[in-house]
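I opened my notebook for a fresh look through this one. My plan was to take the charged pairs, then the core, the cysteines and the surface.

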Amino acid sequence: MPAAAAPPPRVPRVDGRIPSLDGLRALSIGLVLLAHLTGTQRFPVIPELGHWHLGDLGVRVFFVISGFLITTLLLEEVDRTGTVSLSKFYARRFFRIFPAFYFFCAVLFLLEWRHVITLHRGDLIAAVTYTVNYHHDRAWYAGHLWSLSVEEQFYLLWPALLLWAGVRRSLKVAMLAVLVAPSLRLAMGFWPELRPGIGETFPSVADALATGCVLAGLRPWLARSERWQRRLRSRLFWLAPLAVALAARNPSAKLDWLIGQTLMNVGIAVIIERAICSHGELLGRLLNSRPLVFIGTMSYSLYLWQQLFLFRRGTSELQSFPLNLVLAVLAALASYYLVEKPFLRLRAWFERGPNAAREPSSATASTPSVNPVR
């Protein structure tokens, strides 16, 4: 009896990869780098940049992409097997995330031990336990790890929810997070003790990830909707990046908590959808160009290591532009090629199994590779 045909992927692939995501990651890390470069020694003074929350926007794009990609992969696994394997998911995350992250934490420890940098009390403990987003009194060098803590908490919760609650109920929870988080942020703003956690503690920022999850769940319906496809390719699409840009320079904190962040999340989701569906157009060709794809592939290492060099209050030559940017890129390249890639090859070896070289697997051959996730 012939084997049942594998279900089609929920998201189109080009050369085994989801198109445009690496390019969007490149733009995201570019926003973070620009935000952190501003104010460092010898970087050009551009007053207008102070009105834009570029770093927050870059991280927000990462969050929406992460929610979308992780959910897409999990839903495709459900389509193929009827369930989610938590052990396989966490093993993939282990090889992808932990080696580069804990190597960076080890370097922080050594630099503080040698009195090269100064960390605050509890920084390293919060880092290695992925709780930096609840540790607000932290040094600059560990400050960016709050977003990676949010990501890791998402990886811990979301696949388990999909497994135990099912796809439909889980997507309802994601939609509820999108609707409830703005009011939660606003309520936190009235409590001085909770205000520092707005936009960092998981409940107050989970709607960015949840927006990506909802987009992944809606994709089959969106792909069949002719009305949606026409609007996505019309001039109406440009309202999405316009809304993101306007929300990114919103001067009112309360308006940002209640409306601005949601506008950015939804606008980013629409941009992701357009970039994936129209990868053959000018926007798609740009996002899938070799330089942007390479930068997007390197974005995790770039995000980790830039914090050591792009320090506004740094006075050393190593933290002065343009040497600080060059050193950040070199450190990221070293991390990517010496730490990330070897562990990704090791992950691939474990996924294939010890007999893969002698016994070709149709299952492996039919499963496309996908963009690595932060």
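**Entry 1: a buried pair.** I began with Glu 340, which is buried at a relative accessible area of 2%. This is a predicted model, so I kept in mind that side-chain atom pairs count only at pLDDT 80 or more. Which side chain does Glu 340 meet in a salt bridge? I found Arg 96 there, with 2.6 Å from N to O. Arg 96 counts as buried too, at 3% relative accessibility. I then looked up where the two sit: Glu 340 is in helix α15 (residues 323–352) and Arg 96 is in helix α3 (residues 86–113). Their pairing therefore ties together parts that lie 244 residues apart in sequence.

**Entry 2: a small network.** Next I followed salt bridges that share partners, and I noted one network joining Arg 17, Asp 22 and Arg 25. Within it I checked Asp 22 and Arg 17, whose closest N and O atoms are 2.7 Å apart. Are these two residues buried or exposed? Asp 22 is buried, with a relative accessible area of 3%, while Arg 17 is partly exposed at 26%.

**Entry 3: another pair.** I wrote down the salt bridge between Arg 10 and Asp 79, with the closest N and O atoms 2.8 Å apart. Arg 10 belongs to the segment before α1 (21–37) and Asp 79 to helix α2, so I logged a link between distant parts of the chain, 69 residues apart. Both ends are partly exposed: Arg 10 has a relative accessible area of 21%, and Asp 79 comes to 32%. How many salt bridges does a search of the whole structure find? My tally for the page is 10.**Entry 4: the core.** I turned to the largest nonpolar core, which has 94 residues. The residues with the most contacts inside it are Leu 145, Trp 158, Ile 272 and Leu 304. Helix α2 (residues 54–81) gives this core its largest share, 12 residues. I picked Ile 272 for a closer look and listed what it touches, leaving out residues up to four places away in sequence: Leu 21, Leu 24, Val 64, Ile 65, Phe 68 and Leu 215.

**Entry 5: a buried arginine.** I also stopped at Arg 274, in helix α11 (residues 253–277). Arg 274 counts as buried, at 8% relative accessibility. Not counting residues up to four places away in sequence, its contacts are Leu 232, Arg 233, Ser 234, Phe 237, Glu 281 and Leu 283.

**Entry 6: cysteines.** How many disulfides does the count come to? I got 0. Why is there no bond from Cys 277 to Cys 213? The closest cysteine sulfur to that of Cys 277 is in Cys 213, and at 18 Å it is too far for a bond, given that a disulfide needs the sulfur atoms within 2.5 Å. I checked Cys 105 as well, and it counts as buried at 4% relative accessibility.

**Entry 7: the surface.** My last stop was a nonpolar patch on the surface, formed by Met 175, Leu 176, Leu 179, Val 180 and Leu 184. Together these residues have about 430 Å² of accessible area. I placed Leu 176, one of the patch residues, in helix α7 (residues 167–189).

Technical notes: Residues are numbered from 1 along each chain as its sequence is written. This is a predicted model: local features need pLDDT of at least 70, side-chain atom pairs count only at pLDDT 80 or more; totals for chains, interfaces and linings use all residues. Side-chain values use heavy atoms; hydrogens and water are left out. Patches are made of residues with over 30% relative accessible area and no salt bridge: like charges are joined within 9 Å, nonpolar side chains (Val, Leu, Ile, Met, Phe, Trp, Tyr) within 5 Å. Accessible areas come from the Shrake-Rupley method with a 1.4 Å probe; for residues, only the protein chains shown count as cover. Helices (H or I, at least four residues) and strands (E, at least two) are DSSP runs, numbered from the N terminus. A nonpolar core is a set of buried Ala, Val, Leu, Ile, Met, Phe, Trp, Tyr and Cys residues joined through side-chain atoms within 4.5 Å. Buried means under 20% relative accessible area, exposed over 50%, partly exposed in between (1.4 Å probe, protein chains only). Contact means heavy atoms within 4.5 Å.
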